[in-house]
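Please open the structure in the viewer and keep the selection panel at hand. The tour below proceeds from one selection to the next.

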Amino acid sequence: MPSDVAYIHPMLLRQFYDPALAQASYLIGCQATGDAIVIDPLRDVEPYVAAALAEGLRISDVTETHIHADFVSGARELAARTGAKLHLSAEGGPEWQYAFATTDGARLLRDGDRIVVGNIHFDVLHTPGHTPEHLSFIVTDTPSGVGPIGILTGDFVFVGDVGRPDLLETAAKIANTMEAGARTLFASLERFRTLPDHLQVWPGHGAGSACGKALGAIPSSTVGYEKLSNWGVGTTDEAEFVRMVLDGQPEPPKYFAQMKRINREGPPILGQLPAPHQLPASAITALATAKAWLLDLRTAAAFAKQHVPGAISLPASRTFSTWAGWVVPYDVDITLLVPHGTQAADIARHAARELAMIGLDRVDGWLDADAALVAWIDAGHTTGSIEQIEVSALSDSLRAGELHVIDVRGHSEWSAGHLPGVANVPVGYLSDELSALPDAPLVVHCQSGARSAIAASLLHRLGRTDVQNMVGGFNAWQAAALPVER
């Protein structure tokens, strides 16, 4: 390199993606000054601290795009851990202000403000619609001298989709806000369409998130590409946009309302993630007798064959925390029943972490599930089981009027095709609809059998032990060429 050419330290960007939450957060650092900012961090802050250390950066600033509904924000936790300056939205009106902003010394951001991190500028755009206080950040690496490089869109614009504007009504239960939110989102998208095509788009979620209905699975995009391919960005008729954005949105998990409250009031600072301790197998008698919340992490098949009565089947999988948030109350202690094996302690730790990500912090310990079953039986108790029914047998029983079937999929799935005459109660609403269920033997089914296994275990806990699970779900019903109603 010629001596008269100055070396420009490039901006560093690192995306952190959590598959369970389909959530993306970002560390952006100025390698010239060593300063860095983290945007939309999760509550598990160790990955950001470790990445900054590895890159020789100091986390000087922390911010987030909005008051999150699908996970406990780690912004407060990370600021406390690192001493970083906390930046929070002041937009959205009095009902959407952070209650802890003043006590935590946060800088309040409004449209047109700027965060400066070393040589990098983050210009604030107020982009409401998904939520009233939502912000996006236009990123400029100033030494390059070519202007903005990208935009951090949070839950405003995703790859292929836009943030849903109905959560204030469907999750937070604030009446008559869906259509107004949709119109506000449309206005924000008009502003997005004026941005340069070359800007990279770094969204807050990917495929699988309940914050939209058609999110893409690639990690980033550009403004120009979204103008061409994103239905929400491309729809320029307001009435048509409002109709389309509100149509077919999935049911928001129940825990979303809790997340809004926790994140607005201020998540408790953990200091470190929970590390549940192992309990003796003999503890199962007292726990089950007291109707403690026992989450059985074994496979659905193992649970159906034999389990401690009152336990909930929540297999250790990518969707574990989502379904826990749907069915587990926030005011109860939780005990994990972990599959037997050498990895049991690691599975328990990971499960406790996943629960902490959505604010279910009251994990009092874990037991080896096999040992707990043995102890339960040795104490003279009977075990539970869930009967499975094949589609052929179910079809015969339906024709004879011997069984009532409940479809526990989402409303949009049910509307697209369902068993003739079968009612729809999504699994997360079964507790609410318990008294309305037929007083007769029940069969539950979903798309493939995973959700209905959870549903059957929940109904058993609620006293409906006359419930069977349909093997293979709606997929098996269709594969058998049995009639479908729409």
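Begin with helix α11, which contributes 4 residues to the lining of the largest pocket, the largest share of that lining. The model on display is a predicted one.

Next, display the largest pocket itself, which holds about 880 Å³ of space. Its lining comprises 37 residues; select G208, T322, W323, W326 and R451 to find those nearest the centre. Two or more lining residues are supplied by each of α8, α11, α15 (411–416) and α16 (450–461). Colouring the lining of the largest pocket by residue class gives 20 nonpolar, 10 polar and 7 charged residues.

From the largest pocket, move to α8, spanning residues 255–265. Which residues of this helix are buried? Select Y255, F256, M259, K260, I262 and N263. In an α-helix, residues three or four places apart point the same way, because there are 3.6 residues a turn. To see what covers the buried residues of α8, add α3 (167–170) and α11 (320–327), which are among the covering elements. Then step past the end of α8 to G266, where phi is positive, near 120°.

The last stop is the second largest pocket, with about 260 Å³ of space. Of its 15 lining residues, K291, P309, G310, H460 and R461 lie nearest the centre. The elements giving two or more residues to this lining are α9 (284–289) and α16. By class, the lining of the second largest pocket divides into 7 nonpolar, 6 polar and 2 charged residues. To finish, select α16, which gives two or more residues to the lining of the largest pocket and also two or more to that of the second largest.

How values were computed
Residues numbered from 1 in each chain as written. Predicted model: local features only at pLDDT ≥ 70, side-chain atom pairs only at ≥ 80, totals over all residues. Heavy atoms only, no water. Buried < 20%, exposed > 50% of the residue type's maximum accessible area, 1.4 Å probe, protein only. Contact = heavy atoms within 4.5 Å. 1 Å grid on protein atoms, 1.4 Å probe; cavity = no way out; pocket = protein on both sides within 12 Å on 5 of 7 lines; lining within 4 Å. Points joined across faces, edges and corners; volume = space filled by probe spheres on them. Nonpolar A, V, L, I, M, F, W, Y, C, P; charged D, E, K, R; others polar.
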